[in-house]
Amino acid sequence: MIRGVTGSDGVLLTTARLRLRRFTSDDVPHLVELDSDPEVMRFLTGGRPTPPATVRDEQLPRILAGYDRYPGLGRWAAEDTIDGAFLGWFALDPSDDGTGPELGYRLRRAAWGRGLATEGARALVGHAFDTPGVRRVWAQTMAVNVRSRAVLAKAGLRYVRTFHLDWADPIPGTEHGEVEYELLRGDYRPPCGPGTR
């Protein structure tokens, strides 16, 4: 994995199969398409798409503004290293003080089942603990989202708790609660072996 400060090309890091780069205004169609897939949005909105105007006027401007506030943290477009195809995104969404970013990811269905979520999540966890001041990486998902829970565990995060929130418009599975996972700086062990450093 190649790590480092975001270069002039906007790339944060590259793994064997993923390139994570800054989003640009040209990514609106990618994000709209991603959030239009009912299966991608199943555990987020119950399958309802994000309106294009919300992506264009709210979500993307917030993502772009975040890069300068906490360098090295934020949301990153994921591309295939071979053909440059947009695969989705990975995130280290910063906490208010920047010490506890939330790990997240959303991938197109065509990218599922290939280990890409785990590859990207592991890379971002390593990047987080290479970032000064980060003490904790955490994530949450629905308790019934077993695939996402498996990715979090493979990325080194540990189950912390199950909790229940009151939702105005609950989706199927909400009754089982949300789960939180975390990894503390003192517990992080960098991967070792071929292709790592």
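Which residue forms a salt bridge with Arg-106? In this predicted model, the partner is Asp-35, and the closest N and O atoms of the two side chains lie 2.9 Å apart. The pair ties together distant parts of the chain, since Arg-106 sits in strand 5 while Asp-35 belongs to the loop between helix 1 (28-34) and helix 2 (42-45), 71 residues away in sequence. Both Arg-106 and Asp-35 are buried. With this pair as a starting point, the overall layout can be introduced.

The protein contains 5 helices and 8 strands. Along the sequence, these elements follow the order β-β-α-α-α-β-β-β-α-β-α-β-β. The C-alpha atoms fill a box of roughly 45 × 40 × 35 Å along the principal axes. A compact globule of 197 residues would have a radius of gyration near 16 Å, and the protein has 16 Å, so the value agrees with that expectation. Of the 197 residues, 45% are buried. Among contacts between residues at least 6 apart in sequence, 61% join residues at least 24 apart.

A good place to look next is the run of paired strands. Strand 2 (residues 18-22) is joined to strand 3 by 5 bridges, and the two run antiparallel. Within this pairing, Arg-19 has Glu-79 of strand 3 as its bridge partner. Strand 3 (residues 74-80) in turn pairs with strand 4 in the antiparallel sense, over 6 bridges. Here Gly-74 stands opposite Leu-92 of strand 4, and Trp-76 has Phe-90 as its bridge partner. Strands 3 and 4 form a hairpin with 5 residues between them, and in the turn Gly-84 adopts a positive phi of about 75 degrees. On from there, strand 4 is joined to strand 5 (residues 102-107) by 6 bridges, again with an antiparallel course. Phe-90 takes part in this pairing too, with Tyr-105 as its bridge partner in strand 5.

How enclosed are the two strands of the hairpin? In strand 3, 6 of the 7 residues are buried, so this strand is largely enclosed by the rest of the structure. For strand 4 (residues 86-93), the count is 7 of 8 residues, so strand 4 is also largely enclosed.

The interior can be described through its nonpolar residues. In soluble globular proteins, nonpolar side chains tend to be buried together. The largest nonpolar core here has 50 residues, and those touching the most other members are Phe-23, Phe-90, Leu-103, Leu-124, Val-125, Val-137 and Leu-157. Helix 4 (residues 116-130) supplies the largest share of this core, with 8 residues. Leu-157 shows how such a residue is surrounded: beyond residues up to four places away in sequence, Leu-157 touches Leu-103, Val-125, Val-137, Trp-138, Ala-139, Leu-152, Tyr-181, Glu-182 and Leu-183.

Charged residues add further links. A search of the whole structure finds 14 salt bridges. Arg-19, Arg-21, Asp-27 and Glu-79 are linked in a network of such bridges, and Arg-19 and Glu-79 are also bridge partners in the strand pairing. Another salt bridge joins Arg-48 to Asp-169, with the closest N and O atoms 3.6 Å apart. This pair spans 121 residues, from the loop between helix 2 and helix 3 (52-69), where Arg-48 lies, to the loop between strand 7 (158-163) and strand 8 (178-184), where Asp-169 lies. Arg-48 is partly exposed, at 43% relative accessible area. The side chains of Arg-56 and Asp-57 meet in a salt bridge as well, at 3.0 Å from N to O. Arg-56 counts as partly exposed because its relative accessibility is 45%, and Asp-57, at 48%, likewise counts as partly exposed.

Asp-80, located in strand 3, offers a contrasting case. Asp-80 is buried yet has no salt bridge, and the nearest side chain of opposite charge, that of Arg-114, is 4.0 Å away. Neighbours within four places in sequence aside, Asp-80 is in contact with Arg-17, Arg-19, Ala-85, Leu-87 and Arg-114.

Finally, Ser-148 is found in helix 5 (residues 146-154). Its relative accessibility is 13%, and therefore Ser-148 counts as buried. Outside its neighbours within four places in sequence, Ser-148 is in contact with Tyr-105 and Thr-141. Ser-148 and Ala-128 are 20 residues apart in sequence, and their C-alpha atoms are 19 Å apart in space.

Conventions:
Residues are numbered from 1 along each chain as its sequence is written. This is a predicted model: local features need pLDDT of at least 70, side-chain atom pairs count only at pLDDT 80 or more; totals for chains, interfaces and linings use all residues. Side-chain values use heavy atoms; hydrogens and water are left out. Buried means under 20% relative accessible area, exposed over 50%, partly exposed in between (1.4 Å probe, protein chains only). Helices (H or I, at least four residues) and strands (E, at least two) are DSSP runs, numbered from the N terminus. Two strands pair if DSSP finds at least two bridges between them. A nonpolar core is a set of buried Ala, Val, Leu, Ile, Met, Phe, Trp, Tyr and Cys residues joined through side-chain atoms within 4.5 Å. Contact means heavy atoms within 4.5 Å. Lys and Arg count as positive and Asp and Glu as negative; His and the chain ends are not counted. The radius of gyration is taken over C-alpha atoms; the globule rule is 2.2 Å times the number of residues to the power 0.38.
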